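I set out to look up how helices pack in this model, how its sheets are built, and a few local features. The entries below follow the order in which I looked.

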Amino acid sequence: MSRQDAINRATAYFETGQLQTDLAKLVAFETESQNPEKRPELRRYLDAALTPRLTALGFECVVHDNPDPSGGPLLVGTRIEDPALTTILTYGHGDVIRAQTDAWREGLAPFTLVEEGERLYGRGTADNKVQHMINIAALETVLATRDALGFNVKIVLETSEEIGSPGLASFMEDNKDLLAADVLIASDGPRLRPERATMFMGARGGISFDLCVNLRDGAHHSGNFGGLLADPAIILSHALASITDARGQIQIPEWRPDSLTQSVRDALAELPITEGSSPQVDQDWGEANLTPAERAYGWNSFAVLAMKSGVPEAPVNAISGHARATCQLRYVVGTDPADIIPALRRHLDAQGFEAVSIEEHERGFFPATRLDPKDPWVTYVKNSLTETTGQPPHILPNLAGSLPNDCFADILGLPTVWVPHSYLGCSQHAPDEHVLKSVCASAMAIMAGLFWDIGSGSQVP
């Protein structure tokens, strides 16, 4: 049996409709980790949907309680053929973002898989159920083709990623021996183009917080008190405007990273940044001397997510006593996460905005991580994907968004390579979430080829 036999078997899994049937079963689990009422569904997904399939594949599976009571359970599966062989760790998350049921268009429902042309709709299709399902199915095809994988596999499936993966880092710290491996190969996030494979080796970090100005209780008539009472909305607006210049360039020195090296720039050169229905990039926004790809993947970005003062839905002639803005910093390696909020505090004080308070959000984001694009595992995976598809994948040093890669890179000390199976227009976290059938078919082939190559043992790092 050959590499191509494994790829053909993987392609047949899609072409016969089995992938779609299996995905429909996973989507039917209403695994909203943000909804406390759905907490039992998280455990049921691991017990009923994944454990039987992994056990049939030769994994020993244990579902663990989360060390953080705010998080859902975690499944760890291990399949050891020979301790001397390469060991791959892979990962996925079974939880999904809130369903937003009433916002889906007519004919669609979040927990029912619906096929329309090239698209398969359902909550969790893109994020992350089809992604870990494809990787499991690719392992099955290699095993069925060769009667052995030729390597060891460990899998972690969590159910709290959409609420910041509480407890995952602690679980990793407590189970380093159980999860020891040579590399993480996992799937999440989008391809840059649907028709071409993508790899990324880390993620931007993120932190969110509110900036607040609370001057007095109640509102006061703007005719009687206009010009006499300080306006919290005006103070807050000026404070926000001091954080960046008029084109969004960050003005806080500690928020400007030093890690956009030439090797990172070379990796980002000529990468596409949007596709299809994505909005067009504003060329005159953001750091002036950087390309759009460098801004998205190699630099920090500050955003105001929401603002409020008074009652926007029904404004009255009164000066509000309060103003609030919800803000976010997405940051890359080279930014000290422990100094993000202190640096902001120093900046606001130096600009005369002592009245502006900073309220950090309880829901944490993941720290920034990045593997050198020249790492041997990057080259190995790139060569495998190129052999399967006939063209080299797009390679990102890190994803623009955030995911818990720090647990694998920093705690377990692994090189980390992610091969995403979705695309930028998938409506992830929004109504009408979907995956493309063409991407699913391609993903089955490239993952079967990659796992076949690793099992062959030739030139594995």
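**Helix 11 and helix 13**

I began with the crossing of helix 11 and helix 13, which is right-handed. The model is predicted. Helix 11 covers residues 376-389 and helix 13 covers residues 437-456; I read an angle of about 125° between them, with the axes 9 Å apart. An angle of 65 to 115 degrees would count as roughly perpendicular and one over 145 as roughly antiparallel. Helix 11 is therefore oblique to helix 13.

I then listed the contact. Helix 11 contributes Trp377, Tyr380, Val381, Ser384, Leu385, Glu387, Thr388 and Thr389, and helix 13 contributes Ala445, Ile446, Gly449, Leu450, Asp453 and Ile454. Sorted by class, the residues in this contact are eight nonpolar, four polar and two charged.

**Sheet 4-5-21**

Next I traced the sheet that helix 13 lies across. Three strands make up this open sheet, in the order 4-5-21, with antiparallel pairing. Which strands stand at the edges? I found strand 4 (114-116) and strand 21 (434-436) there; each has a single partner strand, so one side of each is left without a neighbour in the sheet. From one strand to the next the twist averages 25°.

I checked the pairing of strand 5 with strand 21. Strand 5 spans residues 119-121 and is joined to strand 21 by three bridges, the two strands running antiparallel. Leu120 has Val435 of strand 21 as its bridge partner.

I also noted the helices on this sheet. Helix 4 (residues 125-146) packs on it and touches strand 5 and strand 21, and its direction makes about 50° with that of strand 21. Helix 13 lies across strand 4, strand 5 and strand 21, at about 60° to strand 21.

**Helix 4, backbone**

While on helix 4 I looked at one of its peptide bonds. The bond from Asp127 to Asn128 is cis, with omega near 10°. Asn128 lies in helix 4.

**Sheet 13-15-11-16**

I moved to another open sheet, of four strands in the order 13-15-11-16, whose pairing is antiparallel. Strand 13 (301-309) and strand 16 (357-360) are the edge strands, and each pairs on one side only. On average, neighbouring strands here are turned by 25° against each other, direction ignored.

How many bridges pair strand 11 and strand 16? I found four, in the antiparallel sense, with strand 11 covering residues 205-214. One residue pair I wrote down is Asp210 with its bridge partner Glu359 in strand 16.

Helix 7 (residues 232-243) packs on this sheet. I have it touching strand 11, strand 13 and strand 15 (322-331), with its direction at about 15° to that of strand 15.

**Helix 7 and helix 10**

Helix 7 also packs with helix 10 (residues 340-350), so I looked up the geometry: an angle of about 120°, with the axes 10 Å apart. That makes helix 7 oblique to helix 10. The crossing is right-handed.

In the contact, Ala239, Ser242 and Ile243 of helix 7 meet Leu344, His347 and Leu348 of helix 10. By class I have four nonpolar, two polar and no charged residues between helix 7 and helix 10.

**Aromatic pairs**

I found nine aromatic pairs in the structure. I followed up the pair of Phe29 and Tyr45: the ring centres are 5.5 Å apart and the planes stand at 85°, so this pair is edge-to-face. Where do Phe29 and Tyr45 lie? Phe29 is in the loop between helix 2 (18-27) and helix 3 (39-56), and Tyr45 is in helix 3, so the pair ties together parts that are 16 residues apart in sequence.

**Ser165**

My last entry concerns a backbone angle. Ser165 has a positive phi of about 55° although it is not a glycine. I placed Ser165 in the loop between strand 6 (152-158) and helix 5 (168-174).

How values were computed. Residues numbered from 1 in each chain as written. Predicted model: local features only at pLDDT ≥ 70, side-chain atom pairs only at ≥ 80, totals over all residues. Heavy atoms only, no water. Axes fitted to C-alpha atoms, helices over the stretch in contact; angles between N-to-C directions. Parallel < 35°, antiparallel > 145°, perpendicular 65-115°, else oblique. Left-handed = near helix turned anticlockwise from the far one by under 90°. Contact = heavy atoms within 4.5 Å. Nonpolar A, V, L, I, M, F, W, Y, C, P; charged D, E, K, R; others polar. Pairing = 2+ DSSP bridges. Phe/Tyr/Trp six-rings, centres within 6.5 Å; stacked < 30°, edge-to-face > 60°.
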